[in-house]
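Here is a short briefing on one protein model. Keep the sequence and the coordinates open while you read.

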Amino acid sequence: MASQGKVSRALISVTDKTGVVEFARALKEEFGVEIISTGGTAKALVDGGVPVTPIEEYTGFPEMMDGRVKTLHPKVHGGLLARRDSEQHMAEAAEHGIGMIDMVVVNLYEFEKTVANPDVTFADAIEHIDIGGPSMLRSAAKNADAVTVVSDPADYETVLAEMRANDGATTLETRRRLQVKVYTTTAAYDGAISTWLAAQAESGCADAVLTADGEFAAPAAMSVKLEKAQDLRYGENPHQAAAVYRFDAATAPLFSSEAPLVGAEQLQGKPLSYNNFLDAEAAWNAVRELDEPGVVILKHQNPCGSAVAADVTEAYDRAFACDPKSAFGGIVAVNREVPLSLVEHFADRDKLFVEVLIAPSFTPEALERLSKRANLRVLATGGAAGHAKLEMRTVDGGMLVQRVDTVEEDPATFTFPTERKPTDAEMRDLMFAWKVCKTVKSNAILIAKNEMGIGMGPGQPNRVDSALLACQRADEVCERLGQEAGGYACASDAFFPFRDNVDTLAAHGVTAIIQPGGSVRDEESIDACNEHGIAMVFTGTRHFRH
């Protein structure tokens with residue numbers, strides 16, 4: 001079969017010119033291959049001493065329409081698609097003066113690199129959609145029985161070595177391997193284009209991924225390209241292999257925020273593990289909900305400590321005080337630059353082991369002090385603004401995709417159904433608890449006091465147990481800090497199905513509650529609050545986190 005892969009004529013047109021001059025020179029000098037080339041590639045080859053036949057000379061048509069039309073011609077695609085074993089195909093090719101092209105060397109316009117530039121215009125992005133390149137690749141790959149198609153500079157040496165071993169021919173096995181690479185490449189390329197276009201409000205795409213108001217439109221199909229960022233030592237457990245991938249430039253506007261975890265600069269410490277990534281993501285998303293200087297300490301996907309303050313150092317001390325025991329082995333997320341003072345408070349607790357410290361940035365003095373804990377993983381994201389638009393989870397056989405859950409409710413839209421309304425201080429605690437509660441696993445209850453998350457009830461099968469657990473934790477914190485128990489604000493991620501939730505909270509000193517409302521028994525909860533003198537707020541929005 002090797003003789004059927006004999007290369008006599010090659011068409012070369014590449015964006016990435018790495019190694020192409022050397023490759024073309026070897027084709028010409030070692031095997032006498034005629035080189036057809038286009039535009040900038042032809043110039044690079046000629047400048048490198050490789051004689052070429054310009055594409056316009058070969059087809060008899062000039063490049064036109066700003067280069068949009070140059071290889072879309074029967075002499076190109078006929079020479080690629082003609083079956084060498086078909087008398088009809090070869091006769092028609094001879095009748096129309098179509099010569100065979102035995103090799104295509106093509107890589108594509110850098111669309112993904114172009115749209116990664118935040119200042120790219122829509123028009124410029126469109127001009128970087130390659131038409132001729134994918135067309136030639138697909139034509140050549142379809143006829144891999146006879147045509148060698150090289151879409152990756154990494155394959156140049158392999159192809160040359162095989163031609164040297166087979167009298168100027170490639171083997172069918174290699175042509176089949178290169179064929180697969182082509183269709184993988186063009187599929188990913190088309191997916192990147194369609195995803196980027198769909199994300200543009202001005203695209204007018206009927207199946208846009210996002211509607212004009214930013215909601216998920218659930219198109220009939222989605223293409224998502226992932227690029228490996230790094231291998232991980234193992235997954236959730238040592239027997240599970242794992243890696244972390246980042247979204248490509250075209251997909252990132254939908255699935256990555258402006259300051260994502262994957263892409264943060266690791267300033268020191270051991271490589272992140274699979275579990276580190278999961279917990280750091282949860283902590284980073286939680287702390288970004290807080291408008292004031294804030295700190296979230298997270299353990300096993302739940303915020304065991306959270307607080308805001310006038311500065312992040314005080315916020316750290318307050319967050320740590322919520323649950324010092326659980327903070328051991330946790331993730332610390334900060335939503336402002338980390339100063340030396342925070343690090344000194346952190347470092348002074350010599351027995352406190354922390355897996356990851358993540359923040360937008362660190363002062364030089366803070367980093368110098370942190371360097372004394374060489375194994376501590378320190379991540380700088382470069383910012384704290386915004387969230388991704390969409391998120392996905394794998395399920396067996398498919399993928400779940402949804403709009404990212406963020407706390408965007410306007411308090412002006414809240415309803416206050418109880419006789420007593422919350423005081424200003426209670427309302428501050430309620431809003432703090434509401435933002436942090438979103439991060440707690442459902443069924444979620446968070447108890448706050450003085451804008452500290454002092455009691456958490458995560459993931460219980462029923463909401464009463466979550467409420468009881470959160471209140472017990474809050475009472476323990478008050479006792480440890482020498483504070484009077486009670487005067488608590490409570491956030492519930494979903495409505496109360498029965499009044500027993502209110503009764504449990506009231507028994508432990510909760511004076512204000514924020515919850516979505518919407519239960520058929522809301523009146524029972526309202527009556528219970530009125531009996532206990534509790535102020536309750538309905539937000540109208542649920543924040544489950546499974």
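Which residue in strand 4 is the bridge partner of Ile12? That partner is Val105. The model is predicted. The domain assignment splits the protein chain into domain 1 (9–197), domain 2 (233–380) and domain 3 (412–538).

**Strand 4 and its partners**

- Strand 1 (residues 9–13) pairs with strand 4 in the parallel sense, over 4 bridges.
- Strand 4 (residues 103–106) sends Met103 and Val105 one way and Val104 and Val106 the other way. All four of these residues are buried.
- In a regular strand the side chains alternate between the two faces of the sheet.
- Strand 5 (residues 148–150) runs parallel to strand 4 and is joined to it by 3 bridges.
- Val149 of strand 5 is the bridge partner of Val104.

**Ala141**

- Helix 8 (residues 132–142) contains Ala141.
- Is Ala141 buried or exposed? Ala141 is buried, because its relative accessible area is 0%, and the cut-off for buried is under 20%.
- Beyond its neighbours within four places in sequence, Ala141 is in contact with Val149, Gln179, Val182 and Tyr183.
- Val182 is 41 residues from Ala141 along the chain, yet their C-alpha atoms are separated by 6.7 Å.

**Domain 1 against domain 2**

- The C-alpha centres of domain 1 and domain 2 are 47 Å apart.
- Contacts involve 6 residues of domain 1 and 5 residues of domain 2.
- About 420 Å² is buried between domain 1 and domain 2, and carbon and sulfur atoms give 70% of that area.
- On the domain 1 side, Glu112, Thr195 and Trp196 lose the most area to domain 2. Together they make up 69% of what that side buries.

**Nonpolar cores**

- The largest nonpolar core has 53 residues. Ile297, Tyr316, Val334, Ile447, Ile454, Leu505 and Ile513 touch the most other members.
- Helix 13 (residues 312–322) supplies the largest share of this core, 7 residues.
- Which domains each give this core at least three residues? They are domain 2 (233–380) and domain 3 (412–538).
- Apart from this core lies another one, of 52 residues. Its members include Val20, Tyr58, Val120 and Leu137.
- Val334, one of the residues named for the largest core, has contacts beyond its neighbours within four places in sequence. Among them are Trp284, Val287, Leu342, Leu357 and Pro360.

**The sheet of strands 16 to 20**

- Here 5 strands form an open sheet in the order 17-16-18-19-20, with mixed pairing.
- Strand 17 (453–457) and strand 20 (535–538) stand at the edges. Each has a single partner strand, so one side of each is left without a neighbour in the sheet.
- From one strand to the next, the twist averages 20 degrees.
- Strand 16 (residues 445–448) pairs with strand 17 in the antiparallel sense, over 4 bridges.
- Gly453 in strand 17 is the bridge partner of Ala448.
- Helix 17 (residues 424–437) packs on the sheet and touches strand 16, strand 17, strand 18 (488–492), strand 19 (510–515) and strand 20. Its direction makes about 35 degrees with that of strand 18.
- Helix 18 (residues 463–481) also packs on the sheet, touching strand 16, strand 17, strand 18 and strand 19. The direction of helix 18 makes about 150 degrees with that of strand 17.

Notes. Residues numbered from 1 in each chain as written. Predicted model: local features only at pLDDT ≥ 70, side-chain atom pairs only at ≥ 80, totals over all residues. Heavy atoms only, no water. Helix = DSSP H or I, 4+ residues; strand = E, 2+ residues; numbered from the N terminus. Buried < 20%, exposed > 50% of the residue type's maximum accessible area, 1.4 Å probe, protein only. Contact = heavy atoms within 4.5 Å. Pairing = 2+ DSSP bridges. Axes fitted to C-alpha atoms, helices over the stretch in contact; angles between N-to-C directions. Core = buried A, V, L, I, M, F, W, Y, C linked by side-chain atoms within 4.5 Å. Domains from an automatic or database assignment. Buried area = accessible area lost by both parts, 1.4 Å probe.
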